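Open the model in your viewer and keep the selection panel at hand. This tour goes from stop to stop, with something to select at each one.

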Amino acid sequence: MKHEVGISWKEDMAFEAEVNGHKIMLDADEKVGGKDRGPRPKPFMLTALAGCTAMDVISILKKMRVTPDNFDVKVSGELSEEHPKVYTSMHITYQFWGEDLPMEKLEKAVNLSQDRYCGVSAIYRKALPITSSIEVNPESK
């Protein structure tokens, strides 16, 4: 199987990507010639990781008959100071809301995603360390 995306230059630093039939505008900050009409490309690496593992975890939990009231995944990446600016590490925070959520099942779902199912994690782990944490019923939502 092969995946392919296309990207077309619109003007200045703006490009329109087409991914799975969905259009996404990418642009640069105004200080480097863009007009801030869309996100920058590098944060999409964090988005890809968050989406991949979140879909895994919720799918695994459904099979375990565990349904949180809410579920968020946040990914932060440490960026190098020098060019080329690359992520040197990433941290995934899994946030679950709900009553009587079994921690052992939450941990198992997260571990299965990270160690077995999430292809984005598997690729990124070859290049940088990825850590994670689980929060149950965190204060902010």
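Start with one side chain: is Phe15 buried, partly exposed or exposed? Select Phe15 and show the surface. Phe15 is partly exposed, at a relative accessible area of 30%. Buried would require under 20%, and exposed over 50%. The model you are looking at is predicted.

**Stop 1: the nonpolar patch**

Keep Phe15 selected; strand S2 is its element. Now add Ile7 and Trp9. Together with Phe15 these residues make a nonpolar patch on the surface. Their combined accessible area is about 340 Å².

**Stop 2: the whole chain**

Zoom out and switch to cartoon. The chain has 3 helices and 6 strands. Trace the elements from the N terminus: the order is β-β-β-α-β-β-α-α-β. Along the principal axes, the C-alpha atoms occupy a box of roughly 50 × 35 × 35 Å. Colour by accessibility next. Of the 141 residues in the chain, 33% are buried.

**Stop 3: the largest pocket**

Which strands each supply at least two residues to the lining of the largest pocket? Select strand S1 (6–11), strand S2 (14–19) and strand S3 (22–26) to see them. The pocket holds about 360 Å³ of space.

Now select the lining itself. It begins with His3, Glu4, Val5, Gly6 and Ile7, and continues with Ala17, Val19, Asn20, Ile24, Leu26 and Phe44. Colour these by type. The lining splits into 7 nonpolar, 3 polar and 1 charged. Ile7 deserves a second look: it lines the pocket, and it also belongs to the surface patch with Trp9 and Phe15.

**Stop 4: salt bridges**

Show the charged side chains as sticks. How many salt bridges are there? The count is 8. Three of them come up next.

Select Lys35 and Asp12. Their side chains form a salt bridge, 3.0 Å from N to O. Lys35 sits in the loop between S3 and helix H1 (43–63), and Asp12 in the loop between S1 and S2, so this pair ties together parts 23 residues apart in sequence. How open are the two partners? Lys35 is partly exposed at 43% relative accessible area. Asp12 is also partly exposed, with 37%.

Move on to Glu18 and Lys23. This salt bridge spans 3.1 Å, N to O. Check the accessibility of each end. Glu18 is partly exposed at 39%, whereas Lys23 is exposed at 55%.

Then select Asp29 and Arg40. Their closest N and O atoms are 3.8 Å apart, and the pair forms a salt bridge. Both residues lie in the loop between S3 and H1, so the bridge ties together parts 11 residues apart in sequence. Asp29 is partly exposed, with a relative accessible area of 31%. Arg40 is partly exposed at 26%.

Finish this stop with a group selection: Lys10, Glu16, Glu18 and Lys23. Salt bridges with shared partners join these residues into one network. You have already seen one of its links, the bridge between Glu18 and Lys23.

**Stop 5: backbone exceptions**

Switch to the backbone atoms. Most residues other than glycine have a negative phi, and most peptide bonds are trans. The next three selections depart from that pattern.

Select His83 and Pro84. What is the peptide bond from His83 to Pro84, cis or trans? The bond is cis, with omega near -5 degrees. Pro84 lies in the loop between strand S4 (70–79) and strand S5 (87–97).

Next, Arg65. Its phi is positive, near 60 degrees, and Arg65 is not a glycine. Look for Arg65 in the loop between H1 and S4. Turn the surface back on here. Arg65 is exposed, with a relative accessible area of 76%.

Last, go to Asn137. Where is Asn137 in the chain? Asn137 belongs to the segment after strand S6 (130–136). Here too phi is positive in a residue that is not a glycine, at about 55 degrees. Asn137 is partly exposed, at 36% relative accessible area.

**Back to the start**

Clear the selections and return to Phe15 in strand S2. Show the patch of Ile7, Trp9 and Phe15 once more. Then overlay the lining of the largest pocket, where Ile7 appears again.

Methods:
Residues are numbered from 1 along each chain as its sequence is written. This is a predicted model: local features need pLDDT of at least 70, side-chain atom pairs count only at pLDDT 80 or more; totals for chains, interfaces and linings use all residues. Side-chain values use heavy atoms; hydrogens and water are left out. On a 1 Å grid over the protein atoms alone, a cavity is a set of points where a 1.4 Å probe fits but cannot get out, and a pocket is an open set with protein on both sides within 12 Å along at least five of seven lines; lining residues have an atom within 4 Å of a point. Grid points are joined across faces, edges and corners, and a volume is the space filled by probe spheres set on the points. Helices (H or I, at least four residues) and strands (E, at least two) are DSSP runs, numbered from the N terminus. Ala, Val, Leu, Ile, Met, Phe, Trp, Tyr, Cys and Pro count as nonpolar, Asp, Glu, Lys and Arg as charged, and the others, Gly among them, as polar. Patches are made of residues with over 30% relative accessible area and no salt bridge: like charges are joined within 9 Å, nonpolar side chains (Val, Leu, Ile, Met, Phe, Trp, Tyr) within 5 Å. Accessible areas come from the Shrake-Rupley method with a 1.4 Å probe; for residues, only the protein chains shown count as cover. A salt bridge is a side-chain nitrogen of Lys or Arg within 4 Å of a carboxyl oxygen of Asp or Glu. Buried means under 20% relative accessible area, exposed over 50%, partly exposed in between (1.4 Å probe, protein chains only).
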